[in-house]
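Student: I should like to take a close look at one part of this molecule, beginning with a view of the whole chain. Please show me the model and then explain that part step by step.

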Amino acid sequence: MAKILALGGDGIGPEILNEGLRVLAAVSPLMDLEFEIDHDLLHGASYDAHGVFCTDAVLEKARSADAVLVGAVGGPAWDDIRLDGGAECQDGLMYLRHHLQTYLGLRPARAWDPLITHTPFRDEVIRGADVMILREMCGGAMFATERGQRCVDGKQQGYDMTAYDEAEVRRFARGGFELARQRRGHVVSCDKSNVMESYKLWRRIVSEVARDYPDVTCDHMLADHCGYQLMMRPGDFDVVLCCNQLGDVFSDLTASYAGSLGMLPSACLAASPDDGPVFGIFESTSGSAPDIAGQGIANPVGMILSVGMMLSYGFGRPEMCRMIEDAVMQTLADGITTPDLGGEARSAEMTDAIIQRMNVKGNGWGGLGR
Ligand code: NAD
Ligand code: MN
């Protein structure tokens, strides 16, 4: 029996989580593994019920679970609330990432052949693109311990001190090189070491780690140029190492490869996945999409692929992940999509179509899994 903590969150979060859980229920008999699902509240839903974005009871449940599935969090009702405590107390997901130290954020971006006409790219630029944006999840400016608003020379100033220590960068970079070994063996690390001290340290530590992986090529790129090249030459990238903030931006940017934010899965792992299953938080990368919440039309694919990543990285079953990806590919090839990709399927219909195709042999692409 595997224990999953399921946190729907806000907006479309509970809707897409439900679709992901339906896929999990469908694969469970094929895996010969039963999943015990415990539901609870996160972020806005938690604040409304308990006055905090994540309760300690939820954190304890997460600690004793084998994996955590999250829908999405946030919304205009909560975005401006400030609670006592550090950065992690202002956001339910950040609370979990911080206390569970899920530092390795995997955000795979790929071009799906049937969706290429829905992207802003020309076919020859985007076809075959398969990039793993790795986002450091527990440090940097977003978790600044020196932060706030103050008056300086009569003017109001907001500040968040960016800091990374060598151990944070090292464990993250190691995870990146390990993943690159399982993929195409190429790492690009992006930074602004030309102008910022924290990135000078970042680049030095990544270079040190690179020496332990002579079989993996490592290039450093300044982040602004990296953003440009991610749009110009998507096919040239394999694994991209990013700090917390750049990874947040670049993973939404590369969601354009798929044609919709709703297509993007993610995993936040508490250890490098090189020797066996690891604990993680698995979530669709997008936000809570308040503009379409409650209508039953959110694209569930990012969430469903996140369930695939959970089976692969959290439970050591990459073949189950590939089966789900193949079923998604077949569904898209059959012309079935939700409105964000120009189709008419409702979230539940999209999921049904994917489940129906789950035993179909697919194209063998295995980029999300191991
Ligand atoms: P968003 O990602 O929620 O939405 C941006 C656009 O993409 C919207 O038009 C939305 O409808 C669309 N979209 C996103 N996911 C979709 C899906 N699955 N299917 C179809 N369309 C989809 O970003 P935002 O509007 O800037 O932020 C909304 C809220 O989400 C904010 O409160 C923000 O703090 C929060 N947020 C949460 C997360 C997270 O939970 N990991 C990430 C980013 C933002
Ligand atoms: Mn984001």
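Student: What percentage of the 370 residues in the chain is buried? With that as background, how much space lies in the largest pocket, and which residues are the closest to its centre?

Tutor: Buried residues, those with under 20% relative accessible area (exposed is over 50%, partly exposed in between; 1.4 Å probe, protein chains only), make up 56% of the 370 residues in the chain. The model is predicted, with local features needing pLDDT of at least 70, side-chain atom pairs pLDDT 80 or more, and totals for chains, interfaces and linings using all residues. Residues are numbered from 1 along each chain as its sequence is written, chains are lettered from A and ligands numbered from 1 in written order, and side-chain values use heavy atoms without hydrogens or water.

The chain as a whole contains 12 helices and 12 strands (DSSP runs numbered from the N terminus: H or I of at least four residues, and E of at least two). Its C-alpha trace spans about 60 × 50 × 40 Å along the principal axes.

Now to the part itself. The largest pocket holds about 970 Å³ of space. A pocket is an open set of points on a 1 Å grid over the protein atoms alone, with protein on both sides within 12 Å along at least five of seven lines, and lining residues have an atom within 4 Å of a point. The lining consists of 38 residues, and Gln90, Asp91, Met94, Met142 and Asp248 are the closest to the centre of the largest pocket. Two or more lining residues come from each of strand 3 (67–72), helix 4, strand 6 (147–152), strand 7 (155–160) and helix 9 (244–254). By class, the lining has 11 nonpolar, 16 polar and 11 charged residues. Domain 1 (1–107 + 260–370) and domain 2 (120–257) each supply at least three residues to this lining; the bounds come from an automatic or database domain assignment.

The second largest pocket, with a volume of about 200 Å³, also involves both domains. It lies between domain 1 and domain 2, because both give residues to its lining. Its lining has 14 residues, and Cys138, Gly139, Phe143, Ala144 and Thr145 lie nearest the centre. They divide by class into 6 nonpolar, 6 polar and 2 charged residues for the whole lining.

Cys138 also leads to threonine 102, which touches it. Other residues touched by threonine 102, setting aside those up to four places away in sequence, include Arg97, Met137 and Phe279; contact means heavy atoms within 4.5 Å. Threonine 102 is placed in the loop between helix 4 (92–100) and strand 4 (104–110). Its relative accessibility is 0%, so threonine 102 counts as buried.

Strand 4 in turn leads to an enclosed space, since it gives 3 residues, the largest share, to the lining of the largest cavity. In a cavity, a 1.4 Å probe fits but cannot get out. The largest cavity has a volume of about 50 Å³, and the structure holds 2 cavities of 30 Å³ or more. Of its 10 lining residues, Pro108, Arg110, Trp112, Met263 and Pro265 lie nearest the centre. The lining of the largest cavity comprises 9 nonpolar, no polar and 1 charged residues.

Key: Grid points are joined across faces, edges and corners, and a volume is the space filled by probe spheres set on the points. Ala, Val, Leu, Ile, Met, Phe, Trp, Tyr, Cys and Pro count as nonpolar, Asp, Glu, Lys and Arg as charged, and the others, Gly among them, as polar.
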